[in-house]
Amino acid sequence: MSRLASELHRLRRSPWEVLCSALVSCGLVLFSQLAVAIVPRLLPSISLLAMLPVAGLVFLAAILVGRFWRRFIRVAASAPLFVLFNVLFLWGVYLFVIRRDTSSLLDMLINAECALLLWGLYRILSGDPGIVAYESSFLEEAGCKDFVDAICSSEKYPSLSRVRHCNCCKANVRGYDHHCPAFGQKNHRLFMSLLTGFVVAESTYIMCSTKYITRCITSGTLRTENHLSLNMVIGTMLFSVLQVVWQVVFLIWHVYGICFNIRTDEWVMSNFPCFGLFLHQLQVVFSFAVSYS
């Protein structure tokens with residue numbers, strides 16, 4: 001038990017590192033969202049459907065610029081905090097801009113969904129995803145030079161079944177599927193519930209923002225509406241559509257994996273071993289770059 005506590009403590013960072021990471025993540029969210037909001041401002045004559053791929057490219061470009069920026073200042077961002085601030089940003093746009101054109105029932109629904117998402121993020125990030133503790137005596141008995149070597153020989157040790165080493169998190173996780181600070185065997189159900197919640201909440205946001213945009217067009221207030229507010233609504237709607245597209249594919253894959261008892265890492269390594277090794281090497285390089293910076 002003490003080994004597990006020390007392993008979890010090793011993964012946690014100092015308060016100053018967390019604060020810097022939070023500020024960088026918040027800045028990256030603001031920068032990427034404002035970049036997407038510029039798309040309807042610069043291309044007002046094209047349809048929303050045509051804006052979608054442009055918004056996707058702009059968002060990716062903003063993320064790449066943000067990556068170079070945080071490497072320049074040598075502060076690592078946090079993927080969970082990036083997700084958290086995106087949820088708060090969308091919720092803020094809804095509360096301050098879209099809410100007045102939303103029915104009471106829909107207003108209660110989307111506020112409840114956002115609150116549940118925040119609670120789910122807290123639960124999944126504060127819990128143990130399934131980190132496996134070990135003692136040095138075990139390695140001596142097993143005749144392995146390190147724990148990763150013991151995992152590779154897991155057929156000899158049933159207790160290590162489906163334990164994988166994540167090079168980015170520097171942790172051994174039972175039920176490892178892919179690199180994620182919050183995904184393991186212990187919280188697989190919560191992860192699936194949270195992923196479903198994101199799809200539902202973002203779909204609700206798309207519906208509310210579409211109503212707002214339609215109201216501006218049909219009522220003739222499009223020209224008198226605050227351009228920043230309108231562009232922000234359109235930008236966040238495009239962002240939500242892009243999110244829903246990949247999250248639905250991600251959710252379908254995980255449902256398929258549950259039905260056939262498949263893990264993403266195992267499937268990639270068994271079907272595309274060269275590509276899997278390439279991804280693992282990228283993880284090693286990425287983790288080294290993060291620790292160096």
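# Briefing: a chain of 11 helices and two strands

Residues 47-69 are 96% helix and 0% strand, and the C-alpha atoms at the two ends of this span lie 32 Å apart. The model is predicted. Its chain has 293 residues, of which 43% count as buried. The mean pLDDT of the chain is 75, and 62% of the residues reach 70 or more.

**Overall build**

- The secondary structure consists of 11 helices and two strands.
- Along the sequence, the elements follow the pattern α-α-α-α-α-α-α-β-β-α-α-α-α.
- Among contacts with a separation of 6 or more, 69% join residues that are 24 or more positions apart.
- The chain has an accessible surface of about 16700 Å², and carbon and sulfur atoms account for 69% of that surface.

**Regions listed in the record**

- An unreviewed UniProt entry lists residues 47-69, 81-98, 190-213, 233-256 and 268-290 under "transmembrane region".
- One of these listed regions, residues 233-256, is 100% helix and 0% strand in the model.
- The end C-alpha atoms of residues 233-256 are 34 Å apart.

**Confidence**

- Helix H4 (residues 79-98) has the highest mean pLDDT among the elements of the chain, at 92.
- Helix H1 (residues 2-11) has the lowest, with a mean of 42.
- Over residues 1-11 the pLDDT stays under 50, and the model has 17 contacts beyond four places in sequence for this stretch.
- Residues 135-159 also have pLDDT below 50, with 28 contacts in the model beyond near neighbours in sequence.
- Predicted coordinates should not be read in detail where pLDDT is low.

**Nonpolar cores**

- The largest nonpolar core contains 35 residues.
- Val93, Tyr94, Ile98, Tyr205, Tyr212, Val233 and Leu238 have the most contacts inside this core.
- Two or more residues of the core come from each of H2, helix H3 (48-73), H4, helix H5 (104-126), helix H8 (188-218) and H9.
- Leu238, one of the residues with the most contacts in the core, is in contact with Leu48, Met51, Leu52 and Ala55, leaving aside neighbours within four places in sequence.
- A second, separate core has 11 residues, including Val87, Leu117, Leu121 and Ile124.

**Serine 32**

- Serine 32 sits in helix H2, which covers residues 15-42.
- Serine 32 counts as buried because its relative accessibility is 0%, below the 20% limit for buried residues.
- A polar atom of the serine 32 side chain lies 3.0 Å from the backbone oxygen of valine 29.
- Not counting residues up to four places away in sequence, serine 32 touches Phe59, Ala62, Ile63 and Phe82.

**Leucine 251**

- Leucine 251 belongs to helix H9, which runs over residues 227-259.
- With a relative accessibility of 17%, leucine 251 is under the 20% cut-off and therefore counts as buried.
- Apart from neighbours within four places in sequence, the contacts of leucine 251 are Met192, Leu195 and Thr196.
- Leucine 251 and leucine 195 are separated by 56 residues in sequence, but their C-alpha atoms are 6.9 Å apart in space.

Methods
Residues are numbered from 1 along each chain as its sequence is written. This is a predicted model: local features need pLDDT of at least 70, side-chain atom pairs count only at pLDDT 80 or more; totals for chains, interfaces and linings use all residues. Side-chain values use heavy atoms; hydrogens and water are left out. Helices (H or I, at least four residues) and strands (E, at least two) are DSSP runs, numbered from the N terminus. Buried means under 20% relative accessible area, exposed over 50%, partly exposed in between (1.4 Å probe, protein chains only). Contact means heavy atoms within 4.5 Å. UniProt positions are given in the numbering used here, feature names are shortened, and annotations may be inferred rather than shown by experiment. Accessible areas come from the Shrake-Rupley method with a 1.4 Å probe; for residues, only the protein chains shown count as cover. A polar contact is a pair of N or O atoms within 3.5 Å; within protein, one must be able to donate a hydrogen and the other to accept it, and residues adjacent in sequence count only if both atoms are side-chain atoms. pLDDT is the predictor's confidence in each residue, from 0 to 100. A nonpolar core is a set of buried Ala, Val, Leu, Ile, Met, Phe, Trp, Tyr and Cys residues joined through side-chain atoms within 4.5 Å.
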